[in-house]
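Let's take a stroll through a protein model, starting from a single residue and working outwards. Have the sequence and the 3D view ready, and look things up as you read.

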Amino acid sequence: MTSFTVLEGIAAPLMRENVDTDTVIRIERLVSLEKVDLGHWAFETLRYRKDGSDNPDFVLNQPRYKGARILLAGRNFGCGSSREFAVHALRGMGIRCVIAPSF
C-alpha cells in the first residue's frame, strides 16, 4: 500500500450499519482469485443484480460516486470474520480511505 497524508477525492456514502467482511468480499471469491482481481467483486451482493448487471441503486454505481476514493460507512463497518482480503477488495476498486464511527 502507498501511504498518504492528505487524500482529496469523492466520498461515497454507504451508510449501512453492520457491513461485514463477507459483504465486502464473499469468501467464495477468495479461493480462485488473486488479490489484484478482488476489486471487481467488492460488494458483489449489493453492487450487481442477479443477471450480473450493475445495480443502479448501489451508491458506488451511481455516476456521481464513480471513482470514489473515500468511503463513508455506518457503524460497525468491517465486522465479522477477520479477512484481510476485504482490504484488498476495497483497494482494488479504488477505495483508499474508510471513515466510519467504528471500524
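## Val 24 and its contacts

Leaving out residues up to four places away in sequence, Val 24 touches Val 19, Trp 41, Ala 42, Phe 43, Phe 77, Ala 86, Ala 89 and Leu 90. Touching, or contact, means heavy atoms within 4.5 Å.

This is a predicted model, so local features need pLDDT of at least 70, side-chain atom pairs count only at pLDDT 80 or more, and totals for chains, interfaces and linings use all residues. Residues are numbered from 1 along each chain as its sequence is written, and side-chain values use heavy atoms, with hydrogens and water left out.

## The nonpolar core

Val 24 also turns up in the largest nonpolar core, which has 23 residues. A nonpolar core here is a set of buried Ala, Val, Leu, Ile, Met, Phe, Trp, Tyr and Cys residues joined through side-chain atoms within 4.5 Å. Buried means under 20% relative accessible area, exposed means over 50%, and partly exposed is in between (1.4 Å probe, protein chains only). The residues with the most contacts inside this core are Val 24, Phe 43, Leu 60, Leu 71, Phe 77 and Leu 90.

Which elements give two or more residues to the core? They are E1, E2 and H4. The largest share, 3 residues, comes from H4. A quick word on those labels: helices (H or I, at least four residues) and strands (E, at least two) are DSSP runs, numbered from the N terminus.

## Helix H4

H4 runs over residues 84–92, and its buried residues are Ala 86, Ala 89 and Leu 90. Why do they sit on the same side of H4? Because they cover an arc of only 100° around the axis. That arc is taken from the directions from the helix axis to the C-beta atoms.

What covers these buried residues includes helix H1 (21–24), strand E2 (70–73) and strand E3 (97–99). Just after H4 comes Gly 94, with a positive phi of about 100°.

## The sheet

Strands of a sheet pair through backbone hydrogen bonds, either parallel or antiparallel. In this model, 3 strands form an open sheet in the order E1-E2-E3, with parallel pairing. The edge strands, each pairing on one side only, are E1 (11–14) and E3. From one strand to the next, the twist averages 25°. For that angle, axes are lines fitted to C-alpha atoms (for helices, over the stretch in contact), and angles run from 0 to 180 degrees between N-to-C directions.

Two strands count as paired if DSSP finds at least two bridges between them; E1 and E2 have 4, in the parallel sense. Ala 11 has Ile 70 of E2 as its bridge partner, while Leu 14 is matched with Ala 73 in E2. Side chains alternate along E1: Ala 12 and Leu 14 point to one face and are buried, whereas Ala 11 and Pro 13 point to the other and are not.

## Loops worth a look

Asn 18, in the loop between E1 and H1, has a positive phi of about 60° although it is not a glycine. Asn 76, in the loop between E2 and H4, also isn't a glycine, and its phi is positive, near 70°. Asn 18 counts as partly exposed at 45% relative accessibility, and so does Asn 76 at 33%.

Now find Gly 39, in the loop between H2 and helix H3 (44–47). Is Gly 39 buried or exposed? It is buried, with a relative accessible area of 4%. Gly 39 and Gly 92 are 53 residues apart in sequence, yet their C-alpha atoms are 3.8 Å apart in space. Besides Gly 92, the contacts of Gly 39 beyond four places in sequence are Arg 47, Ala 89 and Met 93.

## Glu 44 and Glu 8

Glu 44 is in helix H3 and is buried, with a relative accessible area of 11%. Beyond its neighbours within four places in sequence, Glu 44 is in contact with Thr 23, Arg 26 and Arg 29.

Glu 8, in the segment before E1, counts as exposed at 65% relative accessibility. The C-alpha atoms of Glu 8 and Ser 32 are separated by 34 Å, with their positions 24 residues apart along the chain.

## How confident is the prediction?

pLDDT is the predictor's confidence in each residue, from 0 to 100. The chain has a mean pLDDT of 91, and 98% of its residues reach 70 or more. Among the elements of the chain, helix H2 (residues 27–32) has the lowest mean pLDDT, 84, and E1 has the highest, 98.
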